[in-house]
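I opened this model to look up how its chains meet and how the elements are arranged. My notes follow in the order I took them.

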Amino acid sequence: MSELTNVYIAEKLRNQFGGAILSASEPYDMLTIVVNPSIAHGVINWLKNDAEIKIQFLTDVCGAQFPEIEGQEFCVIYHLHSLTNNIRIRIKSFLPASNPIIATVTDLFESANWQERETYDFYGIIFEGHPNLTRILNVDEMDYFPLRKEFPLEDGTRTDKEDKYFGR
Amino acid sequence: MNEFDDKSVEQIEEQEYTTLNLGPTHPATHGIFQNVLTMDGEIIVDAVQTIGYIHRAFEKIAEHRPYNQITTLTDRLNYCSSPINNMGWHMTVEKLIGVEIPKRAQYMRVIIMELARISDHLVCNAVVGVDSGALTGFTYLFQWREKIYDIFEQICGARLTTNIGRIGGLERDFSDEVYKKIKEFLHDFPKGFTEFSNLLERNRIFVDRVANTGAISAERALSFGFTGPNLRAAGVDYDVRVMSPYSSYQDFEFAIPIGEKGDTYDRFIVRQNEIWESLKIIRQAMDNMPQGKWYADVPEFYLPPKEDVYTKMEALIYHFKVVMGETDVPKGEIYHSVEGGNGELGFYLISDGGRAPFRLHFRRPSFIYYQAYPEMIKGSMLSDAILTMSSLNVIAGELDA
């Protein structure tokens, strides 16, 4: 068995998924794979079942928003961890703002459940097939997704915090 | 084994269930947690959790704060062991800007983090005692937590939300008083802690009460994203300090205690043993404390000494830049994790080169493993559910961010 380096894993993924693997890089030594959203679930499933890499642990799921990148406004980031090989892999998938839908990974890892709900809660990214995709930290009545960049930190309609009261 | 096992589905459906609101402000839940329980008499049939009562939008606030002002946000995640959160954040930024901090500062950080871990575990285990009816242990252990907070106070001036350390090192060297207090603690604490261990660890009443309640298998625990003592209690020896050592943890000899069944008793014992291991680490760090500086040479992040600010132009400029948060950082994305009191505390940071993070996500262990709670308490008694929650050590601040 050859040594499991980042380059080797990236090559293995390219052989398996071909052009759907959009890029592979190593920022700060962590293998980061950008994949087409349609195969994100497939890649994670494959990494989980691969006899060599053996990803057993989903460390983290979170979202991000890049408003200036047209057609790739949203991003879902998965951090995977192989406890037997001690390798961490980051999978990123960019989604368009017009249709921010990606398949859920709750069928692979139970821990994805709340983390995907959190991502939905803050960014409005829809996880298709999720058993209960509702808000989790914010109130159910909220009608916007607060971590999106278009929302300022404080409510713009508030009058009690105007700058002039603070001499600014 | 619960009483449903020998009944048919029809029989169960015929039964009438009671809905019980456990929380949000129930005195037995040590924080703001709401669980809507479906009860069949004393047995829990189902549980639905509501969380987010103390959500404070830290991730949004972090996108508008310079890096050194985010430390205070991390204080308020797991407030039982704030120093670990602070250090985790400092190390993330140091990794991003590519700074290696001096060995001495790393050892000092290890001492602080292990003290914090002890205080975190003390609270958890003391509370497990309280919830099973043993208030005595709690009152005894809290005086030791008090001593740890005295040490923190001596180091940085604060006790609970410490804001300890700086990006690039620590704010000042340990004073003689700090060394004296730590030595006193290392000398006196084992005796007091042994009393607590003798009170509960082999106590028949306690063991009967907590063994085999709230168990979870290693496989389920991994799927649910358990980390830290709760995962180790289920038999998986995953510890970030050993897997991906940070802050010179590779220099220290210590064991990873593990359990077998992942029940409340195992979680209690794993935490008990980890306290002894933490003491070992602190002793080694104290004995082998390297000489040198306690901060790295990063003037753009580390505040210059006050006397220099008054007398030197350059120091004044850096002081201004640090305080106003006008320091640029490299672009990039980074994930760094530390072994927090409850498990892997991760920081995922995307930097666009500006003064504040473009995106900062906290991987909060409590948030991730608390979703297993309904599965762990189904079929058990209400009073066991309370114990299960306190032994999981779910901290509301960490849960809700």
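**Interface of chain B and chain A**

I began with charges and found 6 salt bridges across the interface of chain B and chain A. This is a predicted model, and I read every entry here with that in mind. I picked out one pair, E110(A) and R220(B), whose side chains form a salt bridge at 3.0 Å, N to O.

Next I looked up polar contacts. Between chain B and chain A I noted 22 residue pairs, with both residues at pLDDT 80 or more.

Which elements of chain B supply at least two residues each to the side that touches chain A? I listed the helices α2 (58-62), α4 (82-97), α9 (218-223), α15 (365-369) and α18 (396-400) of chain B. The strands β4 (332-339), β5 (344-351) and β6 (359-363) of chain B are on the list as well. β4(B) gives the largest share, 4 residues. I then sorted this side of chain B by class: 18 residues are nonpolar, 11 are polar and 12 are charged.

How many residues does each chain bring to the contact? I read 41 from chain B and 44 from chain A.

Then I turned to area. The size of an interface is often given as the accessible area lost when the parts come together. Here chain B and chain A bury about 3600 Å² between them. Carbon and sulfur atoms account for 61% of that area. I also checked single residues. K60(B), E333(B) and F358(B) supply 18% of the area that chain B buries against chain A, more than any other three residues.

**Sheet β4-β5-β6 of chain B**

β4(B) had come up at the interface, and I followed its sheet. The sheet is open, has 3 strands in the order β4-β5-β6 (chain B), and pairs antiparallel. Why do β4 and β6 of chain B each have one side without a neighbour in the sheet? Both stand at the edges with a single partner strand each, so one side of each stays free of a neighbour there. Neighbouring strands are turned by 10° against each other on average, direction ignored.

I looked at one pairing in detail. β5(B) and β6(B) run antiparallel over 5 bridges. I350(B) has R359(B) in β6(B) as its bridge partner.

**Sheet β1-β2-β3 of chain B**

I found another open sheet of 3 strands, in the order β1-β2-β3 (chain B), also with antiparallel pairing. β1 (18-22) and β3 (43-50) of chain B are the edge strands; each has a single partner, so one side of each lacks a neighbour in the sheet. The average turn between neighbouring strands is 25° here, direction ignored. β1(B) pairs with β2 (residues 34-40) of chain B over 5 bridges, in the antiparallel sense. Opposite L22(B) I found N35(B) in β2(B).

**Helix pair α4 and α5 of chain B**

Two packed helices are described by the angle between their axes and the distance between the axes. For α4(B) and α5 (residues 103-131) of chain B, the axes come within 8 Å and cross at roughly 145°. From α4(B) I noted P83(B), I84(B), M87(B), H90(B), M91(B) and E94(B). They meet R109(B), I112(B), M113(B), A116(B) and R117(B) in α5(B). By class this contact has 7 nonpolar, 1 polar and 3 charged residues.

**Chain A**

Last, I looked at the partner chain. Chain A has 3 helices and 7 strands. From the N terminus on, its elements run α-β-β-α-β-β-β-β-α-β. The C-alpha trace of chain A spans about 70 × 35 × 30 Å along its principal axes.

Key:
Residues are numbered from 1 along each chain as its sequence is written. Chains are lettered from A and ligands numbered from 1 in the order in which they are written. Side-chain values use heavy atoms; hydrogens and water are left out. Contact means heavy atoms within 4.5 Å. Buried area is the accessible area (1.4 Å probe) that two parts lose on being put together, summed over both. A salt bridge is a side-chain nitrogen of Lys or Arg within 4 Å of a carboxyl oxygen of Asp or Glu. A polar contact is a pair of N or O atoms within 3.5 Å; within protein, one must be able to donate a hydrogen and the other to accept it, and residues adjacent in sequence count only if both atoms are side-chain atoms. Ala, Val, Leu, Ile, Met, Phe, Trp, Tyr, Cys and Pro count as nonpolar, Asp, Glu, Lys and Arg as charged, and the others, Gly among them, as polar. Two strands pair if DSSP finds at least two bridges between them. Axes are lines fitted to C-alpha atoms, for helices over the stretch in contact, and angles run from 0 to 180 degrees between N-to-C directions.
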